[in-house]
Each structure stands twice: as structure tokens, then as C-alpha cells.
Amino acid sequence: MITANVFDIKRFSINDGDGIRTTIFVKGCPLACKWCQNPEGLIPEIRLWYARNICVGCKSCIASCDYGALKWDDRGIAIDHTACTRCGKCVVACPTGAIRFDAREMSVAEALEEIEKDRPFYGTDGGVTLSGGECMASPAFSLGVLRGCRERGINAQIETSLYARPETVEAFSEAADKIIADIKLIDPARHWLATGVDNTLILSNIRHLAAKDANLLIRVPLIPGFTDDEENIRGIAKFVASLAKDIPVELLNFNPMCREKYESLRETYQFDPDQREIPQERVHALKEILTEHGLVAI
Ligand code: SF4
Ligand code: SF4
């Protein structure tokens, strides 16, 4: 049975493609962006997740663990993932749901069953979006879901970094109705520093998709101090305009909501706690760079 670890299913989503959509988030990503909005989606394996804001400090989870994988400190429950066997006893013992698994293994059939529940809401434009993590990192599952959607007449799109082998990208371009692809940084060295990988493969895959006239939307996440400078946006605009002027480019504003996730994971949050979205005037000015290059800016 083909499965993947799904860490979220967002229903009635209006920001992950056209119309009203069901977005399925698949765990595992080959990139490690310093600003990742879904850090729980980076590693493919299912792990324990702790939400301090709903923990009442009863320590029942610690008492239930036979492996000493949980401890209490000044930030609440600390999880030793190397000692945890994922037996699930602490999840059962927790009275508030503060400790839980961060994903569930799901088959293609189960995913399609979830999708079918939302079908009445899709209307003419909506449908399903596969996201992550990186949906191309679980190709058998993701292609199975995309093909299942097509058989059922449900529009299916993907959000992807396009950091994948050309043959994988080719298979997804055949199975998906639309590819929403990120370009985070145009400079290879800056891309490598911020995401952990070079962007040559990504740009080459975009070139290939543009040449075959795939239904493509380029997304640029505007991340303060990382991607939101004019030099980067101008470089991206120049690159996309050199492919085709009718590929729309969307500037996606920074979302500060993920800070709590970093606290739960006890990982470093790269931004000032007060960092907010980039002001609209600034976003507008960056969009003008795109339109100056003859592009459709969203
Ligand atoms: S899942 Fe099992 S091994 Fe892991 S922390 Fe909970 S009780 Fe301990
Ligand atoms: S059992 Fe749940 S509520 Fe109690 S200390 Fe553990 S995580 Fe917190």
C-alpha cells in the first residue's frame, strides 16, 4: 500500500491555488529554509509534538513513558526524540491533547476519501492542492492522489519547491492541473545559504515547464531580510520574463504566525518576535518591479 505521512489537511483553503480547496500537507522536504512556515513538515518521519499553551503541567505523560523520553524543564515538556519509540502511551495519558503525534500515515485511498468529503464545496474553480513539506519528495503517494483526483474530475494542483529530478517533475506536470512553484532567491549562493540547497535544479525545472507551456504560477515568499530586497525581486523578474511574459508571479507576504511552532520544536526562530508582515506599500513597490518587466503581478 502506498502511503505518506500527512501533517495537516486544511479545508476551505483560499490561499493555496484557485477557488476553494482542500490542501494536503505531506511531510518531508529536501530544503531547510530558515523561515519555514511549517517546520514540522521538514522531516519525513512522524514525531511527537508538544503544545505548551494547552499543557496543564500534570506530568502524566512523563509517568506513562517507559523509555525516559520525556522530562520537565522551564519550558514545559522536553522530548528526547532519540529515546522515543513512538509507542503513543503519553498521547493517551495526556488529558488536554498537549502532546500528540505531528502527522498520520495515510494511504492514497484514505486521502481521496477525505477529498471526497469536501467535493460539494469546490465549485467550478476549486479542488485539491498538495503541499508540504515537499509533495514531490513522496512521489508515489502524491502522484496517486493527483491521478485519483483526475479520474474523479477534481481539479488538482501542487505547491512545490521544484527541487526534484527532471523525470519526477515531468510526471507531476502531466498529473497536476497547475504547478505553483517557489522562487525564493535568484542568486545561487544566497539560495544555498538560506535554504541549504543550490537553485540551479529549480531554475532548470522552471525553464523546462515554461518551455512545455505548463500551467505555472511562480510564488515568491517575501521574507524580511532574506528575500524582500529589490535586487532579488528584480533578478527573479528578469528570469521569469526571459521565459514567458504570461507566467504570473505572486508575492507572498511574510506570515509571523509560525513563531509558536519554533517554540514547540525548541528551534531558533530567525526573526524578531515583533516582526510583522511587510507593509502593503512596500509589497506594492516590489510588485511594480514585476510589472516593469512586463509580468502579471499578483
Ligand atoms: S511515545 Fe512512548 S516512548 Fe515516546 S515519549 Fe511517548 S510514551 Fe515515551
Ligand atoms: S500529560 Fe499533557 S498536560 Fe500533562 S504535562 Fe504532559 S503534555 Fe502537559
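**Exercise 1. Find where Phe-12 sits, and decide whether it is buried or exposed.**

*Solution.* Start with the secondary structure: Phe-12 belongs to strand β1, which covers residues 3–13. Keep in mind that you are working with a predicted model. Next, count the neighbours: 11 other C-beta atoms lie within 10 Å of Phe-12. A residue with 12 or fewer counts as exposed, so Phe-12 is exposed. Finally, look at the backbone, where phi of Phe-12 is near 55°, a positive value in a residue other than glycine. For comparison, most residues other than glycine have a negative phi.

**Exercise 2. Do the same for Asp-213: where is it, and is it buried or exposed?**

*Solution.* First, locate Asp-213 in the loop between α7 (200–211) and β11 (216–222). Second, count again: with 10 other C-beta atoms within 10 Å, Asp-213 is exposed. Third, read the backbone angle: phi of Asp-213 is near 60°, which is positive although the residue is not glycine.

**Exercise 3. Which residues does the cis peptide bond join?**

*Solution.* Look for an unusual omega. The bond between Gly-132 and Gly-133 has omega of about 20° and is cis. As a reminder, most peptide bonds are trans. Then place the second partner: Gly-133 is in the loop between β8 (127–132) and α4 (139–151).

**Exercise 4. Which residues of helix α6 are buried, and how are they arranged around the axis?**

*Solution.* Step one is to list the buried residues of α6 (residues 188–195): His-191, Ala-194 and Thr-195. Step two is to check their directions: they cover an arc of only 80° around the axis, so they are on the same side of α6. Step three is to turn to the other side of α6, where Ala-189 and Leu-193 are exposed. A useful rule here is that an α-helix has 3.6 residues a turn, so residues three or four places apart point the same way. To finish, step past the end of the helix: just after α6, Gly-196 has a positive phi of about 90°.

**Exercise 5. Describe the residues around the two ligands.**

*Solution.* Begin with ligand 1, which has 13 residues around it. The closest are Cys-65, Ala-69, Cys-84, Cys-87 and Cys-90. By type, this shell has eight nonpolar, three polar and two charged residues. Now take ligand 2, which has 14 residues around it. Here Cys-55, Cys-58, Cys-61, Cys-94 and Ala-98 come nearest. This second shell divides into 10 nonpolar, three polar and one charged.

**Exercise 6. How do the two domains meet?**

*Solution.* Set the bounds first: the domain assignment gives domain 1 as 3–44 + 105–292 and domain 2 as 48–101. Their C-alpha centres are 32 Å apart. Then count the contacts: four residues of domain 1 touch five residues of domain 2. On the domain 1 side, these residues are one polar and three charged, with no nonpolar ones.

**Exercise 7. Why can the whole protein be called as compact as a globular protein of its length?**

*Solution.* Take stock of the elements: the protein has 10 helices and 12 strands. The radius of gyration is 20 Å, close to the 19 Å from the globule rule for 298 residues, so the protein is as compact as a globular protein of that length. The C-alpha atoms fill a box of roughly 60 × 45 × 35 Å along the principal axes. Last, buried residues make up 37% of the 298 residues.

Notes
Residues numbered from 1 in each chain as written. Chains lettered and ligands numbered in written order. Predicted model: local features only at pLDDT ≥ 70, side-chain atom pairs only at ≥ 80, totals over all residues. Domains from an automatic or database assignment. Contact = placed C-beta atoms within 7 Å. Nonpolar A, V, L, I, M, F, W, Y, C, P; charged D, E, K, R; others polar. Helix = DSSP H or I, 4+ residues; strand = E, 2+ residues; numbered from the N terminus. Rg over C-alpha atoms; globule rule 2.2 N^0.38 Å. Buried ≥ 20, exposed ≤ 12 C-beta atoms within 10 Å, placed from the backbone. Near = placed C-beta within 6 Å. Arc of directions from axis to C-beta.
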